[in-house]
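Reader: I have a structure to study and some questions about it. Can we take them in turn?

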Amino acid sequence: MLEQILSQLSPTGTKLVAVSKTKPEEAILKLYDEGQRIFGENRVQEIVAKHESLPKDIEWHFIGHLQTNKVKYIAPFVSLIHAVDSLKLLCEINKQAERNGRVIDCLLQFHIAEEESKYGLDLEEAKAILSSDDFLKMKNVHISGVMGMATFTDDLEQVRREFKNLHGIFEKLSILFFDEADAFREISMGMSGDYHIAVEEGSTMVRIGTLLFGKR
Ligand SMILES: *Cc1c(COP(=O)(O)O)cnc(C)c1O
């Protein structure tokens, strides 16, 4: 399955985040042995434990909702935080990154699903963050792109619309706030059920769990 997915991602150069949440270390090592190096987790305790016992060249991505008081546990090693949805969280990531002598890559999470959901920014909120004095002073976070989750639905046209919307948000922010040197280039969208559409709509990074590891 890994090989099949990678061959579908290769024409667009889309990266694969293997979402290993709830799965045992043996399952991760199996994919590691096939060459996969990027793994995604959504619980702090779990990512910390897995980082400690698994090979050190794994890039750990935090893909879930992150509580401010837990940033300190992942700051020493996390390679990308996908779901930044407030200035407060970004401030804490900056602070903990500085303590660890690191610059941590982050994505801004957007609320793109037409259904109700608790998490994610809208365009105006993101603009407010990116133009705030607090953000402009931060030296230890790097905003490398955007992330979003489509509605869980069989209506593929709706899913496509939502991904198009995220791509549009990415383009707008790119023009307004970033230049070439800022390396603002990632669009993290697409999961097991909808990654084909996400890739067609410009995803640079898909987050796939079920297809690789089976049902949770
Ligand atoms: C669990 C999860 C995924 C992977 O979902 P699958 O449907 O198992 O591929 C992707 N993104 C986020 C944010 C998740 O929490």
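Reader: How far is a polar side-chain atom of Ser192 from an oxygen atom of the ligand?
Author: This is a predicted model, and the distance is computed from it. A polar contact needs N or O atoms within 3.5 Å. The polar side-chain atom of Ser192 meets that cut-off, with the ligand oxygen at 2.5 Å.

Reader: Which residue has an N or O atom in its side chain 2.9 Å from a nitrogen atom of the ligand?
Author: Look at the ligand's nitrogen, not its oxygen. Lys21 places a polar side-chain atom 2.7 Å from a ligand oxygen. The partner of the nitrogen atom, at 2.9 Å, is Arg207.

Reader: How much of the ligand's accessible area does the protein cover?
Author: On its own, the ligand has 390 Å² of accessible area. The space it takes is the largest pocket. The protein covers 90% of that area.

Reader: How many residues of the shell around the ligand are nonpolar?
Author: The surrounding residues include Val19, Ile63, Met147 and Gly209. The shell has three polar and three charged residues. The nonpolar ones number six.

Reader: How many disulfides does a search of the whole structure find?
Author: A disulfide is a covalent bond between the sulfur atoms of two cysteines. The cysteine sulfur nearest to that of Cys91 belongs to Cys106, 11 Å away. A pair must be within 2.5 Å to count. The search finds zero.

Reader: Is Cys106 buried or exposed?
Author: Start with Cys91, which is partly exposed because its relative accessibility is 29%. Buried means under 20%. Cys106 has 0% relative accessibility, so it counts as buried.

Notes
Residues are numbered from 1 along each chain as its sequence is written. This is a predicted model: local features need pLDDT of at least 70, side-chain atom pairs count only at pLDDT 80 or more; totals for chains, interfaces and linings use all residues. Side-chain values use heavy atoms; hydrogens and water are left out. A residue is near a molecule or strand if one of its heavy atoms lies within 4 Å of it. A polar contact is a pair of N or O atoms within 3.5 Å; within protein, one must be able to donate a hydrogen and the other to accept it, and residues adjacent in sequence count only if both atoms are side-chain atoms. Accessible areas come from the Shrake-Rupley method with a 1.4 Å probe; for residues, only the protein chains shown count as cover. On a 1 Å grid over the protein atoms alone, a cavity is a set of points where a 1.4 Å probe fits but cannot get out, and a pocket is an open set with protein on both sides within 12 Å along at least five of seven lines; lining residues have an atom within 4 Å of a point. A molecule sits in a cavity or pocket if more than half of its atoms lie within 2 Å of its grid points. Ala, Val, Leu, Ile, Met, Phe, Trp, Tyr, Cys and Pro count as nonpolar, Asp, Glu, Lys and Arg as charged, and the others, Gly among them, as polar. Buried means under 20% relative accessible area, exposed over 50%, partly exposed in between (1.4 Å probe, protein chains only).
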